[in-house]
Amino acid sequence: MWKCLYLQRCRIHSSAQVLKKAPVRLKGKSGAEQRWMVRQINDPFVKAAHLQHFRCRSAFKLLEIDDKYRLLKPGLSVIDCGAAPGAWSQVAVQRVNSTGERPDLARGCVFGIDLLHIAPLQGAHFLSNRDVTSPSTHAELQELLPQAYADVILSDMAPNATGLRELDQERLVCMCLSLLELAEKLLRPGGSLLCKYWDGALAPKLREGLTRAFQDVKTVKPKASRKESAELYFLARTFRKT
């Protein structure tokens, strides 16, 4: 159903003629701010997210990846790192049946973590104002998770951009590498990890770390990721717990 809605909405908006005129409310904004706002206004995924009640357009990245690779199944336990504003958690809640809306299917659970506040979401347990790299956060998750393990770790987190490409990429790679420590503590053997990274010189280092811990590692770029963006995702499956 989700996939059908997604494809239907995208066809509707991609076939529509999009007006490029900036609305009056952009007056007084800087050139960069105006370009960003016009891009948002004309982005079909932004419009589809609004129509389908997702918290942001990034939901469609996870929907597309999950439709292809089937990471999220009813009954699984999921940790969503960098969860704010909660769009990926919305997708996870539906896919693992954490609300129990489908009584004929196993009921999973979703835990979201972010340094920021995350508005409540039925079917998800959010740990707001928490650092995903902190041992205290790991301990809290271990107590909350069924049997103290997760089946899937998701990460769409990214550092605040400095505008220095190499520095920003290094910071994001370090964040992704910290997920390996989280996986070692909390990911079930055979589990999966999906993390965002920015393409660049340090990407091979991240792949190398993931390859040591997982049997299968591949790069994916969903259509909802803008073509001009360096944003990519590593999908690592079959965790080999040491």
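Buried means under 20% relative accessible area and exposed over 50%, with partly exposed in between (1.4 Å probe, protein chains only). The structure is a predicted model, in which local features need pLDDT of at least 70 and side-chain atom pairs count only at pLDDT 80 or more, while totals for chains, interfaces and linings use all residues. Residues are numbered from 1 along each chain as its sequence is written, and side-chain values use heavy atoms, with hydrogens and water left out.

**Exercise 1. Describe the surroundings of Pro159 and state whether this residue is buried or exposed.**

Solution. Step 1: locate the residue. Pro159 belongs to the loop between strand 4 and helix 7; helices (H or I, at least four residues) and strands (E, at least two) are DSSP runs, numbered from the N terminus.
Step 2: apply the accessibility cut-off. Pro159 has a relative accessible area of 11% and is therefore buried.
Step 3: list the contacts, meaning heavy atoms within 4.5 Å. Leaving out residues up to four places away in sequence, Pro159 touches Asp168, Arg171, Leu172, Met175 and Trp198.
Step 4: examine one of these partners. Arg171 is 12 residues from Pro159 along the chain, and their C-alpha atoms are separated by 6.6 Å.

**Exercise 2. Determine the strand order of the open sheet and its edge strands.**

Solution. Step 1: assign the pairing; two strands pair if DSSP finds at least two bridges between them. The seven strands follow the order 3-2-1-4-5-7-6, and their pairing is mixed.
Step 2: find the strands that pair on one side only. These are strand 3 (124–127) and strand 6 (214–220), the edge strands.
Step 3: compute the twist. On average, neighbouring strands are turned by 15 degrees against each other, direction ignored; axes are lines fitted to C-alpha atoms, for helices over the stretch in contact, and angles run from 0 to 180 degrees between N-to-C directions.
Step 4: inspect one pair. Strand 4 (residues 150–155) and strand 5 (residues 187–198) run in the parallel sense and share five bridges. Ala150 has Leu187 of strand 5 as its bridge partner.
Step 5: add the helices that lie across the strands. Helix 4 (residues 59–69) lies across strands 4, 5, 6 and 7, at about 40 degrees to strand 7 (231–239). Helix 8 (residues 203–213) lies across strands 5, 6 and 7, at about 145 degrees to strand 6.

**Exercise 3. Characterise helix 5 and its packing against helix 4.**

Solution. Step 1: count buried residues. Helix 5 is largely enclosed by the rest of the structure, because nine of its 10 residues are buried. Among them are Trp88, Gln90, Val93 and Arg95.
Step 2: obtain the geometry. The axes of helix 4 and helix 5 come within 8 Å and cross at roughly 35 degrees.
Step 3: name the residues in contact. Helix 4 contributes Ala59, Lys61, Leu62, Leu63, Asp66 and Asp67, and helix 5 contributes Ala87, Trp88, Val91 and Arg95.

**Exercise 4. Explain how Asn97 is placed and which backbone oxygens lie by its side chain.**

Solution. Step 1: place the residue. Asn97 is in the loop between helix 5 (87–96) and strand 2 (109–113), and its phi is positive, near 65 degrees.
Step 2: check accessibility. With 5% relative accessibility, Asn97 counts as buried.
Step 3: measure out the oxygen distances in the model. A polar atom of the Asn97 side chain lies 3.0 Å from the backbone oxygen of Arg102, and a polar atom of this side chain lies 3.2 Å from the backbone oxygen of Ala106. A polar contact is a pair of N or O atoms within 3.5 Å; within protein, one must be able to donate a hydrogen and the other to accept it, and residues adjacent in sequence count only if both atoms are side-chain atoms.

**Exercise 5. Identify backbone values of note at Pro85, Asn129 and Thr238.**

Solution. Step 1: recall the usual case. Most residues other than glycine have a negative phi, and most peptide bonds are trans.
Step 2: examine omega. The peptide bond between Ala84 and Pro85 is cis, with omega about 5 degrees. Pro85 is in the loop between strand 1 (77–81) and helix 5.
Step 3: examine phi. Asn129 has a positive phi of about 55 degrees and, at 54% relative accessibility, is exposed. Thr238, in strand 7, has phi near 65 degrees and is partly exposed at 32%.
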